[in-house]
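Let's take a walk through this structure together. Keep the 3D view open and turn it as you read.

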Number of protein chains: 2
Amino acid sequence: MSNTVEYALRAVVWLADHPEESHTSTSIAEATQMPRSYLSKILKSLSHAGLVAGQRGVHGGFTLTRNPDQLSILEVVNAVEPVQRIRACPLGLEAHGKNLCNLHRTLDDVMLEIEKAFANHTIGQMLKSPNRVKPLCGLTVKGRKAIAGQSTGIRR
Amino acid sequence: MSNTVEYALRAVVWLADHPEESHTSTSIAEATQMPRSYLSKILKSLSHAGLVAGQRGVHGGFTLTRNPDQLSILEVVNAVEPVQRIRACPLGLEAHGKNLCNLHRTLDDVMLEIEKAFANHTIGQMLKSPNRVKPLCGLTVKGRKAIAGQSTGIRR
DNA sequence: CGGTTAATGGATATATATATCCTTTAATCG
DNA sequence: CGATTAAAGGATATATATATCCATTAACCG
């Protein structure tokens, strides 16, 4: 699980959990504790994939374009670092033709299972599940006033 | 799926498919088309994990120590690049205590599913499955005589 | 023994992922 | 309009994964 994916998910979860207003890359980076410049790049990817919308200028920032309940982890992952399915023999063996050998057929089966695992979870689920710890709880917004409804304390 | 894992699996599959004798890192590298020196490093990891045994000197080389039918892909993966389970909050949030927040709880669930997917496939299965392409077929041993029973042709 | 073979271990080089920086473009506001 | 804000885009630096190289150790063989 790469750093990039972790950052992208943190940002998306944060946006989903604070939908009242748009958030600048700077504010998201401070809130979720990641490098500002790198997040900026990641937000570009998410924007390119249509998962978030960027607005320039004063009062600009990023907002989620999708309903968190309809947004799977897979879509976030694929926006920043697509799951690499195996479509041709990595050895370039002509003998296999369009078919993969059992090794790569099996590995691609595993990749498919990984895709399914990612697809089975939505951002909305993570925010709602009861009896569980709310995502990113304990993190607070710096540089602006706290927003009503935001998670500020510990919830078990 | 990293390069390292791909190489490790190729080497293990090759050894499993040619169990009559030991194979030097050089011969495995040539046969399965990967960098010799890097393979050498990977074989060290596999040896350290006890999946292969290295024998020095003349007629030395590597052999599988395990029955391919009892050897899962997960064990090979974990030998060279362990599946990273999430055991503590990557943000270091004390508030969570031993519990992960839903984001990381979910991500760790996915990692568990990935582990299971890897654990569900054995090296032996890949060599045996009928109606499928034999692993690494088309590759031949260079520098020594062909070995009886080895895959030399195309099998569909 | 000494010579040859090949794994083992560790140092070094290269490529890619991660992270930073700076310029340009677009939006708001007075 | 000009000033300010912030995203968009691209160039540069740093860290890690990938790959190479060399010295050492151990086994075989004559």
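Which residue takes a positive phi in the hairpin of S1(A) and S2(A)? Keep in mind that you're looking at a predicted model. The residue to find is A:Gly57, with a phi near 80°, and the hairpin has five residues between its strands. The two strands themselves are S1, residues 52-55 of chain A, and S2, residues 61-64 of chain A, and they pair in the antiparallel sense over four bridges. To see how they line up, find A:Val52, which stands opposite A:Leu64 in S2(A). If you follow the side chains along the way, here's a handy rule: in a regular strand they alternate between the two faces of the sheet.

Now let's turn to the DNA. A:Gly57, the hairpin residue with the positive phi, shows up again here, since A:Pro35, A:Ser37, A:Gly57, B:Thr24 and B:Gly54 come nearest to DNA strand C out of the 26 residues around that strand. Chain A gives two or more residues to this surface from each of helix H1 (3-17) and helix H3 (36-48), while chain B does so from helix H3 (36-48), strand S1 (52-55) and strand S2 (61-64). Sorted by class, the surface near DNA strand C has 16 polar, six nonpolar and four charged residues.

What about the other strand? DNA strand D is surrounded by 24 residues, and the closest are A:Thr24, A:Gly54, B:Pro35, B:Ser37 and B:Gly57. Here the elements giving two or more residues are H3, S1 and S2 of chain A, along with H1 and H3 of chain B. The surface near DNA strand D divides into 14 polar, six nonpolar and four charged residues.

Let's move away from the DNA and look at helix H2 of chain B, residues 25-32. Six of its eight residues are buried, so this helix is largely enclosed by the rest of the structure. Those six are B:Ser25, B:Ser27, B:Ile28, B:Ala29, B:Ala31 and B:Thr32. Their cover includes helix H1 (3-17) and H3 of chain B. Just after H2(B) comes B:Gln33, which has a positive phi near 55°.

How do H2(B) and H3(B) cross? Their axes come within 9 Å and cross at roughly 115°, and the crossing is right-handed. On the H2(B) side the contact is made by B:Ser25, B:Thr26, B:Ile28 and B:Ala29, and on the H3(B) side by B:Arg36, B:Leu39, B:Ser40 and B:Leu43. By class, the residues of this contact are four nonpolar, three polar and one charged.

Conventions. Residues numbered from 1 in each chain as written. Chains lettered and ligands numbered in written order. Predicted model: local features only at pLDDT ≥ 70, side-chain atom pairs only at ≥ 80, totals over all residues. Near = placed C-beta within 6 Å. Nonpolar A, V, L, I, M, F, W, Y, C, P; charged D, E, K, R; others polar. Pairing = 2+ DSSP bridges. Buried ≥ 20, exposed ≤ 12 C-beta atoms within 10 Å, placed from the backbone. Contact = placed C-beta atoms within 7 Å. Axes fitted to C-alpha atoms, helices over the stretch in contact; angles between N-to-C directions. Left-handed = near helix turned anticlockwise from the far one by under 90°.
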